[in-house]
Amino acid sequence: MAHSRLSDPQYRNWVTVGRAIQITRNGLETIIQNAADKYHTSLLATLPNNVHAWESRLKNAHRSHDKRKISWSNSDNTQWLTVGASWEIAKIFMAPLGPRKFDVVNAKTTDISGLLNVLEWSPRLTNGMFNTGVDLSKIVDARSARNLWAHAPLLHVSDADKVDAFASLTSLLQDSELNGDKDVQNAMKGLSSLLNTGLAVIEEKELELFVQLERQLGQDMVSLGNDMSCWKDEVGANFEQIKDQMKGLDEFVKKNELKAVEKRINHLDDSTNSRLEKLEEAISESQQLSCEMKQELKFNPVSDRMKEEFVGREWLFSDIDNWLEKDLGPRESRAFLIWGGAGTGKSSFSQEFVHRHEGEKLAGYHYCQKDNPRTCDLESLVYSLRSMLSNSLPEYAALVEKLQTDKFGNYPNALFDLLITTPLQQLNENAKHFFIIDGLDEGGATIASCFARLSGTLPSWLRVILTARHNAPALSGLFLNSISANLDQFETSPKSLSSNDIREFVAMKYRKLQTEYKCIPSFFANDEQVGQKKIVQASQNCFLYAKLVMEHIFDGHDGIGLPASLSEMYCLDFRRHFPNIEFFEKKVAPVLQIVLAIQSAKAFIHKEILIKKLLNFKTPLPSIFYEGEIIHLQKLQQAYEENDESVTGVVKCGLLPEVKMHDLNKVLKLLSGYLVKDDSDKYYFSHSSVRDWLQDEESDFFCDLLNGHSII
C-alpha cells in the first residue's frame, strides 16, 4: 500500500477504526478467557464423564434460537473432559470457524467476531459463563462497527461513521458485566486517547490491519458458506414437504366422499376467518403502538418533594444568551455543554431556561430520564423532536411532512439524519433558535454520538444546549471543541459565581424552613450564618444535598453531624424510616426491585412487540416468525405495566408471601418521598440519584434488579 494514501482523511479514519477494534478486542480477551475457564471448571465438577451428557447440557445452554446452527464442528469433543481445555467449549458459542478452528486455541488467538459471539451466545446467570450478560444491543452495535470497518468500500470510513464506531465500541466496554475488569478499563482509556489524539505513527499499524482484515474477511466467507448450506437444506426440506402434502391431498380427495371434502373446506373457512380477525386486531394494536412511538413524549414531572423556588445561575443564563446571539464561524461547534454532578441543578436549569424562552427562541427540548425508558430511545426522541420542531419552525414542517420513515424502524441513526440533521441543514432562518437536551448521559452513547455529530453540522442560526454529568462514559471523547460550563467546581472565594448560587439557595431555603417550622434548630442556634456556611461547604455545589440536609436538620435529626455525601444522606434517611433491616429486606426492597425491573424492561418490551408484530403481519410468509413469541412478549408487557397494578398485583397473587396489602400500603407511604406515583399511576423515583444509590452494591440498602425480574 503506497503511503501517499495516508493523506486521504477517510483512509486514515479506516486505519483508526481498525486500531479501535484491536484495542476493544484486546480489552475483552482476559475477562472472556477467565469466564470460559470458570464455566469449564463448573462443568467438570457437575457433569458425568460422558460426551453425550455434555452435548445435551451445552445444547440447552446455547442461547441461539436455532439449535441447528450450533457450531459443533468448531470443537474437538474428545478434549471436553480435559482440564484446561475450556476454549474447546467456548468455540461452540462462535460462528463456524472452518479450517481456522485449529488455530483458535484460546481468547488470545480469537478475533473480535469470535469474542462477540461468545458474549452473545454463551449461557448466563447461575452456572453460566457470565452473570446477567452483556446488553445484546451493545453487542449488535459493536459488531456493526466491526462490519463497517471490514466491509468498507475502498477502505474509506467517513468522519460520522468513525464517531459512531467509537461510540459503539466504548458502549460495549462500559457494560456493567465488563467494566470492572482492569483490561477493559485500559481499553476504554485507549479508545478515548485514540479518538482524541489519533494514531501517532499510523504507518506502523497499516500492515497489521491488512493481516487482520484478511482474517476477518476469511471468517465472513466461512460464515456465509455455512449459512448458504443451511438455506439450501431448508429449501430442500420445504420442497419435499410440499410434495408430500400435495400427494397426501391427492390421495385424500380420491379416498373420501365430496361431502367430507366440503366439510373440511368449511372448517378451514371458519379457521381462516378466526385467524383473520386475530390478525386485524394485532395489526391494529401494532399501528397504535407505531403511532405512540411517533408522538411527542411525556416527561416525568418534578416530584413535589424535589420542587423548589429557582434561584441563582443568572451568570449562566447571561453566558448562554450571549453565545446564542454570537455569530459563529463555520468550524465552531454549535453545542453548549453544561457539566455537573447529581443534584447540581442541571435539570432545574434546563426547565427554567425552557420556561424563559418558550414561544421565542426555543425550537424544541428533550429530557433523557432513565426511569422513563422511551425518553432514552433514539427513535422516540427523533419523532418527539420532529413534532416540536414542526410546531416552532413552519419551513421545517414542510420539509419533513412527506418523508417516508417506515423503512428506518431498525436504523435510528439514519432516521435521526433523515428527520433532524438533513432538514435543519437545509433551512435558513433569520432569527436565532436553540433546542435543549437534558440528561444526555442518561440517554446513552448512541444519542450522545448523534448530537455530537449534529453539533458540527448545524447552520449558524441554530444551537443546541446539552446537560450531562461530568466524565460520563457515554460522552467520552465527544464535544471536545464545544463551549462548556462546569457546575461542579466549588470555590470558597466570594467571587465564584457558581459557589454564590449555592449560598443564595441555602439562605433562601433557611428562610422558608424557619417560617414553616417557626423555630431555630440547635445546629443554627449559636450563629445561623456559621451553620449555613457549613452546609454550603459540605454541599460542594450540590443543591439537592443542601436541600435534603436542611430539611433533615429542621426535622430534628441533626445530632450526628453533616453527612459526607448525597448517598450518605439517603442512607441516614432510610435508616430513620427503616430501622429494622430485616423489615426493609422482606417488605420494602421487593417493592423497589419491582419498580426498577419495570423501568429497565419497559423500553425493550415495547419495541420488541412492535417490531415482531410488524414483521409477522407484513411478510407474505408469516410462519417465519413465531406468534408464540409475540404472545409471550404481550404477557410480559402486561406484567411490566408501569402502573400501580404491577406492584400491587404481585402482592395480591401471593408472590411475596412476606408482604400483605396492609404492609404494602405502609411501605408505599414510607417511600413517598422517594417513590412517586403520577396521575396515570406510573411510579418513578424522585431523583435519578435515588435510583443510582439503590443499585449501588456498596449501599446498605442495595436493591438487586435481578430479584425484581424474578418476582415479576
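Q: Two strands pair if DSSP finds at least two bridges between them; what makes β1 and β5 a pair?
A: Four bridges join strand β1 (residues 335-339) to β5, and the definition asks for at least two, so the strands pair. They run parallel. Along the way, F336 has I483 of β5 as its bridge partner, and W339 stands opposite N486. The names come from DSSP runs numbered from the N terminus: E with at least two residues for a strand, H or I with at least four for a helix.

Q: What should I keep in mind about the model and its numbering?
A: This is a predicted model, in which local features need pLDDT of at least 70 and side-chain atom pairs count only at pLDDT 80 or more, while totals for chains, interfaces and linings use all residues. Residues are numbered from 1 along each chain as its sequence is written, and side-chain values use heavy atoms, with hydrogens and water left out.

Q: How do you know that β1 also pairs with β4?
A: Count the bridges again: five join β1 to β4, in the parallel sense. L337, for one, has L466 of β4 as its bridge partner.

Q: Why are β2 and β5 called edge strands?
A: The open sheet has five strands in the order β2-β3-β4-β1-β5, with parallel pairing. β2 (362-367) and β5 (483-486) each have a single partner strand, so one side of each lacks a neighbour in the sheet. From one strand to the next, the twist averages 15°. For β2 the partner is β3, over five bridges, with G364 opposite F435.

Q: How do you know that helix α16 packs on the sheet?
A: Helix α16 (residues 445-455) touches β1, β3 (433-438) and β4 (462-468), and contact means heavy atoms within 4.5 Å. The helix direction makes about 160° with that of β3; such angles run from 0 to 180 degrees between N-to-C directions, on axes fitted to C-alpha atoms (for helices, over the stretch in contact).

Q: What makes β1 an enclosed strand?
A: Five of its five residues are buried, so β1 is largely enclosed by the rest of the structure. Buried means under 20% relative accessible area, exposed over 50% and partly exposed in between (1.4 Å probe, protein chains only). A335, L337 and W339 point one way and F336 and I338 the other. That fits a general habit: side chains in a regular strand alternate between the two faces of the sheet.

Q: Why is L155 called buried and Q540 partly exposed?
A: L155 has a relative accessible area of 16%, so it falls under the buried limit. Q540 comes to 41%, so it counts as partly exposed. L155 is in the loop between α5 (136-150) and α6 (159-173), and Q540 in the loop between α19 (528-539) and α20 (543-554).

Q: What makes the phi angles of these two residues worth a look?
A: Most residues other than glycine have a negative phi. L155, not a glycine, has a positive phi of about 55°, and Q540, likewise not a glycine, has one of about 50°.

Q: How do you know that E88 makes a polar contact with K91?
A: Their side chains come to 3.1 Å. A polar contact is a pair of N or O atoms within 3.5 Å; within protein, one must be able to donate a hydrogen and the other to accept it, and residues adjacent in sequence count only if both atoms are side-chain atoms. E88 is in helix α3 (residues 86-90) and is buried, at 10% relative accessible area.

Q: Why is the pair of W693 and F701 called tilted?
A: Phe, Tyr and Trp rings (for Trp, the six-membered one) pair if their centres lie within 6.5 Å; planes under 30 degrees apart are stacked, over 60 edge-to-face, and the rest tilted. W693 and F701 are 6.0 Å centre to centre with 45° between the planes, so the pair lands in the tilted class. Both residues are buried, and both belong to an aromatic cluster with Y570, F574, F578, F584 and Y674.

Q: What makes R356 a charge over the ring of F317?
A: The rule wants NZ of Lys or CZ of Arg within 6 Å of the ring centre and within 35 degrees of the ring normal. R356 lies over the face of F317 at 3.7 Å from the ring centre, and R463 lies over W323 at 5.3 Å.
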